[in-house]
Amino acid sequence: MTSPAGRRSYGVKGAPYAFLLPAASLFSLFFVLPIGYAVWLSFRQVHVSGLGLGAGARKEVWAGLENYKDALTDNEFYDGALRVLGYGCIVVPVMLGLALVFALMLDSERVRLAPFTRLAIFLPYAIPGVVAALLWGFLYLPAVSPFYYLLDKLHLPQPDLLSGGPLYLALSNIAVWGGTGFNMIVIYTSLRSIPAEVHEAAKLDGASPLQIALRIKIPMVAPSLVLTFFFSIIATLQVFNEPMTLKPLTNSVSTTWSPLMKVYMDAFAKGDIYSAAAEATLIAIATLVLSFGFLRAANRRNKQEAAP
């Protein structure tokens, strides 16, 4: 027979799991199960017999790696991945660079109206992505944009931002405008956690504000930079809102401009959820490999620097 003390000990040990149960249940229901179902669908296909008419003419069968093979040899999926790579090469360094500069400026002793400035930089992040894309799409259209009206009145060149190479800049601008504020807050919070004694010691040694920023602040907020880079990679690989919203405004954005747009078209326009599931799984694998590969490299470098 279990003693009261034993029951109390068991209850104390099981309390954390009881608190975690609701969150774990919701996580499994809305995250793990959908992922597992998508992976399962990626190994299936529909086999059509004859003309595809009748009750048993269409059967779901095991396809093995056939859907993955088709996705990896699909030129549209491959071209979309290359476009996202070029898009990411613009977005990630520019967005994180601006976020770091803004965070360092806000952390300066000479800054004025810091609360208002923080809010102004962060506010675009609070705007939904679709709304931001529509807003910038309005500004990119020559027929309705006030910027093109001013350029015309000043007899200045009017670039077409919705075609060719400038299209990458137009899409990247939307992402940078919306994401810089979030990354700035993360880096700024890390800067504010640096002890004041470190700054005072550097000033006593004659270090200038620029030297303090380059040699003290930036190295000490390196973990925050790694975190923001990690989030930026994930957001870049999953780009969907910006090109999908601008697609009706220009013929330069195809229906498969990004890999996620290709997934959307296969699943909802063509009705091929099996190929779409395989493509979505490949995107998830690429995200995990790139993200955790970068984290592992960053952790290895930190350990090497910390080693005596």
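Where is the place of Pro142? Select Pro142 and you land in the loop between H5 and helix H6 (146–153). Helices here (H or I, at least four residues) and strands (E, at least two) are DSSP runs, numbered from the N terminus.

Before going on, some ground rules. This is a predicted model, in which local features need pLDDT of at least 70 and side-chain atom pairs count only at pLDDT 80 or more, while totals for chains, interfaces and linings use all residues. Residues are numbered from 1 along each chain as its sequence is written, and side-chain values use heavy atoms, with hydrogens and water left out.

**Stop 1: around Pro142**

Pro142 is partly exposed, with a relative accessible area of 46%. On this tour, buried means under 20% relative accessible area, exposed means over 50%, and partly exposed is in between (1.4 Å probe, protein chains only). Now add Asp152 to the selection: Pro142 and Asp152 sit 10 residues apart in sequence, and their C-alpha atoms are 9.8 Å apart in space.

**Stop 2: His155**

Move on to His155, in the loop between H6 and H7. Its phi is near 55°, a positive value in a residue other than glycine. Most residues other than glycine have a negative phi. At 72% relative accessibility, His155 counts as exposed.

**Stop 3: the largest core**

Next, select Tyr87, Val91, Tyr140, Leu167, Leu171, Ile174 and Trp257. These are the residues with the most contacts inside the largest nonpolar core, which has 23 residues. A nonpolar core is a set of buried Ala, Val, Leu, Ile, Met, Phe, Trp, Tyr and Cys residues joined through side-chain atoms within 4.5 Å. Color helix H3 (75–106), helix H5 (129–140), helix H7 (166–192) and helix H10 (222–237), since each of them supplies at least two residues of this core. H7 gives the largest share, six residues. In soluble globular proteins, nonpolar side chains tend to be buried together.

Which residues does Tyr87 touch, not counting those up to four places away in sequence? Show Tyr168, Leu171, Ser172, Ala175, Thr236, Val239, Glu242 and Trp257. Contact here means heavy atoms within 4.5 Å. Then look for a second, separate core of 13 residues, which includes Ala103, Leu106, Tyr188 and Ile194.

**Stop 4: Glu242**

One of the residues touching Tyr87 is Glu242, so click on that one next; Glu242 lies in helix H11 (residues 241–246). Glu242 is buried yet has no salt bridge, and the nearest side chain of opposite charge, Arg83, is 13 Å away. For charges, Lys and Arg count as positive and Asp and Glu as negative, with His and the chain ends not counted. A salt bridge is a side-chain nitrogen of Lys or Arg within 4 Å of a carboxyl oxygen of Asp or Glu. Leaving aside neighbours within four places in sequence, Glu242 is in contact with Tyr87, Ala133, Leu171, Ile174 and Ala175.

**Stop 5: the salt bridges**

How many salt bridges does a search of the whole structure find? The search turns up six. Select Arg192 and Asp107, whose side chains meet in one of them (3.1 Å, N to O). The pair links distant parts of the chain, 85 residues apart: Arg192 is in helix H7, and Asp107 is in the loop between H3 and helix H4 (114–126). Arg192 is exposed, with a relative accessible area of 53%, whereas Asp107 is buried at 8%.

Now pick Glu279 and Lys262, another salt bridge (3.1 Å, N to O). Glu279 is in helix H13 (residues 273–306) and Lys262 in helix H12 (residues 259–269), 17 residues apart. Glu279 is buried, with a relative accessible area of 2%, and Lys262 is buried with a value of 2%.

Add Asp266 and Lys270, which meet in a salt bridge too (3.6 Å, N to O). Asp266 counts as buried at 4% relative accessibility, while Lys270 counts as exposed at 58%. Salt bridges that share partners join Asp74, Lys262, Asp266, Lys270 and Glu279 into one network.

**Stop 6: along H12 and past its end**

Stay with H12, where the buried residues include Pro259, Met261, Val263, Met265 and Ala267. Just after H12, click on Gly271, which takes a positive phi of about 75°.

**Last stop: a surface patch**

Finish with Leu33, in helix H1 (residues 4–42). Leu33 is exposed, with a relative accessible area of 52%. Select Leu26, Leu29 and Phe30 as well: together with Leu33 they form a nonpolar patch on the surface, with about 440 Å² of accessible area together. Patches are made of residues with over 30% relative accessible area and no salt bridge; like charges are joined within 9 Å, and nonpolar side chains (Val, Leu, Ile, Met, Phe, Trp, Tyr) within 5 Å. Accessible areas come from the Shrake-Rupley method with a 1.4 Å probe, and for residues only the protein chains shown count as cover.
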